[in-house]
There are 2 protein chains.
Amino acid sequence: MVEIYNMAGHLVRRLNQISVAVFADRMAAEGVELTPVQFAALSAIDARPGIAQAALAGAIAYDQTTLGGVIDRLEQKGFVAREVSPRDRRARVLTVTQAGQDLLARVRPVVRDLQGEILSGLDEDEKAQLLALLKKTTDAGNDKSRAPLTPRGGI
Amino acid sequence: MVEIYNMAGHLVRRLNQISVAVFADRMAAEGVELTPVQFAALSAIDARPGIAQAALAGAIAYDQTTLGGVIDRLEQKGFVAREVSPRDRRARVLTVTQAGQDLLARVRPVVRDLQGEILSGLDEDEKAQLLALLKKTTDAGNDKSRAPLTPRGGI
DNA sequence: TACTAATAATCAGCATACTTAATATATCGA
DNA sequence: TCGATATATTAAGTATGCTGATTATTAGTA
């Protein structure tokens with residue numbers, strides 16, 4: 001018996017891999033090329049049009065440098081437009097293009113639906129319990145992460 | 001309110017990032033350079049000396065290609081020895097060196113201890129509940145992963 | 001035994017995820 | 001207003017995590 005099998009870190013890592021694989025399968029079935037990270041970014045930009053990269057990173061708990069690359073790819077695919085902010089020339093202001101909106105409309109129900117498949121083997125009560133516990137501990141551990149959530153533009 | 005905040009995929013991703021960050025902090029505090037993935041590999045090789053890379057990948061739910069790179073780094077640091085198997089010249093047989101054993105002895109208690117910090121904000125009952133649910137769903141979803149656990153050398 | 005299929009490992013390439021450093025721009029205080 | 005400081009982004013480098021292809025070797029079969 002390998003000692004790591006019951007460790008939180010190992011189990012969380014595996015569940016994340018399952019989550020990413022389920023997402024990839026569903027997108028492939030939909031004929032869409034979009035990663036979980038790209039979906040989250042696109043969805044968050046749509047919720048806050050004109051947000052800058054740094055604020056977006058805080059809004060969805062991404063590393064700022066990583067996000068730069070993610071936006072590069074979303075821009076290249078034509079789903080996101082990036083412009084220099086008129087109020088702060090350091091910042092890049094993001095908006096979702098029409099193609100991005102269309103894509104979002106199409107994949108949103110798929111993404112919602114696939115969440116249940118990530119937690120396969122659990123009944124509805126157990127899924128709700130697991131989600132509640134995940135929410136509680138990610139909230140409590142937020143500051144430990146290198147990419148914490150900073151909902152309102154930081155402390 | 002961004003729509004992803006209550007999705008399983010997003011929460012699992014964040015908890016994994018917290019997990020990795022906690023691990024990195026504790027190792028840094030210990031003065032050791034070791035990633036969670038490297039620890040898992042080292043620990044699993046120690047549990048099954050002479051295991052080949054493919055079997056190891058199945059034993060700890062790693063992608064085989066990824067594992068090659070992980071072993072490269074462990075070998076370079078002198079913690080693992082890699083030799084061509086006498087029974088199957090395609091295979092590379094792995095063992096933990098003395099330096100690897102020493103490192104394991106040193107970090108094992110640290111790794112065990114840090115698991116609690118990954119799930120901060122939960123009381124003992126809640127931690128046990130979360131672990132049980134994680135175990136149940138990773139078990140059920142094992143085959144969905146690109147790197148499933150194959151405990152006894154495959155199906 | 002020759003042919004074929006399967007397996008172990010590696011390579012090339014792409015996408016996260018992070019660190020440290022550099023560059024450009026803003027802001028604050030003296 | 002000048003200078004120190006802080007912030008937004010990008011660049012370079014490392015590590016995981018995957019896909020698809022290639023090579024070497026083994027195993028199974030006609």
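This report covers the chain symmetry, the empty spaces and the DNA contacts of a predicted model.

## Ground rules

Local features need pLDDT of at least 70, side-chain atom pairs count only at pLDDT 80 or more, and totals for chains, interfaces and linings use all residues. Residues are numbered from 1 along each chain as its sequence is written, chains are lettered from A and ligands numbered from 1 in the order in which they are written, and side-chain values use heavy atoms, with hydrogens and water left out.

## Two copies, one axis

Two copies of a chain are related by a rotation about an axis and a shift along it. Here, a turn of 180° and a shift of 0.0 Å along the axis lay chain A on chain B with an RMSD of 0.0 Å. The fit is by least squares on the C-alpha atoms of residues with pLDDT of at least 70 in both copies. That is the relation of a two-fold axis. Both copies use the same surface: 100% of the contact residues of chain A recur in chain B. Contact means heavy atoms within 4.5 Å.

## The cavity

Rolling a probe the size of a water molecule over the atoms shows where empty space is left. The search runs on a 1 Å grid over the protein atoms alone; a cavity is a set of points where a 1.4 Å probe fits but cannot get out. Points are joined across faces, edges and corners, and a volume is the space filled by probe spheres set on them.

The count comes to one cavity of 30 Å³ or more. Its volume is about 30 Å³. Chain A lines it with Ala61, Asn142, Ser145 and Ala147, and chain B with Arg14, Gln17 and Ile18; lining residues have an atom within 4 Å of a point. Three of these residues are nonpolar, three polar and one charged. Ala, Val, Leu, Ile, Met, Phe, Trp, Tyr, Cys and Pro count as nonpolar, Asp, Glu, Lys and Arg as charged, and the others, Gly among them, as polar.

## The pockets

A pocket is an open set of points with protein on both sides within 12 Å along at least five of seven lines. The largest pocket holds about 380 Å³. It has 20 lining residues, with A:Arg13, B:Asn16, B:Val20, B:Pro36 and B:Val37 nearest its centre. Helix 1 (8-30) of chain A and helix 1 (8-30), helix 2 (36-47) and helix 5 (98-118) of chain B each give two or more residues. Helix 1 of chain A gives the most, six. Helices are DSSP runs (H or I, at least four residues), numbered from the N terminus. The lining divides into twelve nonpolar, seven polar and one charged residues.

The second largest pocket holds about 270 Å³. Of its 19 lining residues, A:Pro36, A:Val37, B:Gly9, B:His10 and B:Arg13 lie nearest its centre. Twelve residues of this lining are nonpolar, six polar and one charged.

## DNA strand D

DNA strand D is surrounded by 24 residues, and the closest are A:Ala54, A:Arg90, A:Arg92, B:Arg73 and B:Arg146. A residue is near the strand if one of its heavy atoms lies within 4 Å of it. Six of these residues are nonpolar, eight polar and ten charged. Helix 4 of chain B gives the most, four residues. Of the strand's atoms within 4 Å of the protein, 72% belong to sugar or phosphate, and the rest to bases.

Polar contacts (pairs of N or O atoms within 3.5 Å) reach the phosphates. A polar backbone atom of A:Ala54 lies 2.4 Å from a phosphate oxygen of strand D. For B:Arg73, a polar side-chain atom is 2.4 Å from a phosphate oxygen. An N or O atom in the side chain of A:Arg13 is 3.2 Å from one.

Technical notes:
Polar contact = N/O pair within 3.5 Å; in protein donor to acceptor, adjacent residues only side chain to side chain.
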